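The following paragraphs lead through one protein model, from its overall dimensions to individual residues. Please keep the sequence and the structure in view while reading.

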Amino acid sequence: GSDKVGAILGSGRNYTKILNCYNRATVSSRTAIGGIVGMLASSGCRVQNCYNAGSVSGNNTVGGIVGYFASDAKDALIENCYNRSDVAGGIVGSVNAAVTTAEIRNCYTLDTTALAGSPANLIVTNCGQITPKDLRDYAPTLGEGYDEDYFVQNKLFPVLDWENAGRKTTLTKESGVYEIRTADDLRLVSYMVRNGENFSGDTLE
């Protein structure tokens with residue numbers, strides 16, 4: 001479509017809730033484009049525990065999480081979300097001037113992008129623009145819905161905890177030898193090395 005386009009949802013209405021989602025795909029259209037939701041169009045909508053890692057582009061009202069807050073999106077909330085894409089509005093692309101009670105809470109974007117486009121008539125609580133290096137360590141700050149990127153599936157940026165569910169996040173060591181048996185074991189080694197682990201003198205097999 002030419003407007004109201006999001007990787008997860010085009011337009012959120014009637015107390016829509018988008019929870020525990022992410023986007024790593026490319027989203028491109030004309031207007032009201034979001035990495036997660038294109039437009040929030042009514043009061044009470046919620047976007048929580050979501051992140052955008054994909055490219056998001058358009059002519060205007062482009063946001064990493066939500067593209068546009070329409071005039072009826074009063075009391076809408078974006079919480080515990082982050083964006084690591086270079087977009088005009090890191091969390092929200094644009095906000096209708098009639099919206100004065102919507103809020104973004106505990107949300108973060110790269111320091112190369114604004115939290116929100118203009119006009120930004122939002123309540124902003126515990127949000128910030130931070131460097132990629134710092135954002136990689138923000139899983140605890142984002143809350144219990146997030147985890148470390150142990151398996152290097154998101155370039156070491158935080159992932160949702162369900163992405164790691166049921167996967168072993170420690171290496172097995174038997175008789176002084178680290179056992180590498182699965183692809184996840186290899187990914188875990190990569191994560192550990194990138195985070196400063198030194199396997200010098202150790203045996204991996």
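The quantity called pLDDT is the predictor's confidence in each residue, on a scale from 0 to 100. It applies here because this is a predicted model. Among the elements of the chain, the highest mean pLDDT, 98, belongs to strand β20 (residues 159–160), whereas strand β23 (residues 203–204) has the lowest, 77. For the chain as a whole the mean is 90, and 98% of the residues reach 70 or more.

The overall architecture may be considered next. The chain contains three helices and 23 strands. Its C-alpha trace spans about 65 × 30 × 30 Å along the principal axes. Of the 205 residues, 51% count as buried. The accessible surface comes to about 9300 Å², and carbon and sulfur atoms contribute 45% of that surface. When contacts with a separation of 6 or more are considered, 65% of them join residues 24 or more positions apart.

The interior is best approached through its nonpolar cores. The largest comprises 25 residues, of which L40, V47, F69, I78 and V92 touch the most other members. Two or more residues of this core come from each of β3 (17–23), β6 (37–40), β7 (46–52), β10 (66–69), β13 (89–95) and β16 (114–116). Strand β13 supplies the largest share, three residues. Another core lies apart from this one; it has 13 residues, among them Y82, I130, A139 and F157.

What surrounds I78, one of the residues that touch the most other members of the largest core? Leaving aside neighbours within four places in sequence, I78 is in contact with V47, I65, V66, F69, I91, V92, E103, I104, R105 and C107. The list thus includes V47, F69 and V92, which are named with I78 among the core residues that touch the most other members.

Strand β13 deserves separate attention. Seven of its seven residues are buried, so the strand is largely enclosed by the rest of the structure. Strand β13 runs parallel to β10, to which three bridges join it; within this pairing, F69 has V95 of β13 as its bridge partner. Strand β13 also pairs in the parallel sense with β16, over two bridges, and here the bridge partner of G89 is A114 in β16. In a regular strand the side chains alternate between the two faces of the sheet.

The loop that follows β10 offers a further buried position. A73 is found in the loop between β10 and β11 (77–79). A73 counts as buried because its relative accessibility is 0%. Beyond its neighbours within four places in sequence, A73 is in contact with L40, A41, S42, S43, V99 and A102. L9 is 64 residues from A73 along the chain, and the C-alpha atoms of the two are separated by 15 Å.

A biochemist may also ask about the cysteines. How many disulfides does a search of the whole structure find? The number is zero. C45 is in no disulfide, and the nearest cysteine sulfur, that of C50, is 13 Å away. C45 is nevertheless buried, with a relative accessibility of 0%. Why is C127 not bonded to C107? The sulfur of C127 has its closest cysteine sulfur in C107, but the distance of 4.8 Å is too far for a bond, because a disulfide requires the two sulfur atoms to be within 2.5 Å.

Helix α3 (residues 183–194) contains D184. Is D184 buried or exposed? Its relative accessible area is 19%, so D184 is classed as buried, the cut-off being under 20%. Not counting residues up to four places away in sequence, D184 touches F151 and R167.

Two lysines remain to be described for their backbone geometry. Most residues other than glycine have a negative phi. K4, although not a glycine, has a positive phi of about 55 degrees, and K155 likewise has a positive phi of about 55 degrees. K4 is placed in strand β1 (residues 3–6) and is partly exposed, with a relative accessible area of 33%. K155 lies in the loop between β19 (146–147) and β20, and at 57% relative accessibility K155 counts as exposed.

Note on methods. Residues numbered from 1 in each chain as written. Predicted model: local features only at pLDDT ≥ 70, side-chain atom pairs only at ≥ 80, totals over all residues. Heavy atoms only, no water. Helix = DSSP H or I, 4+ residues; strand = E, 2+ residues; numbered from the N terminus. Buried < 20%, exposed > 50% of the residue type's maximum accessible area, 1.4 Å probe, protein only. Core = buried A, V, L, I, M, F, W, Y, C linked by side-chain atoms within 4.5 Å. Contact = heavy atoms within 4.5 Å. Areas by Shrake-Rupley, 256 points an atom, 1.4 Å probe, with all protein chains shown as cover. Pairing = 2+ DSSP bridges.
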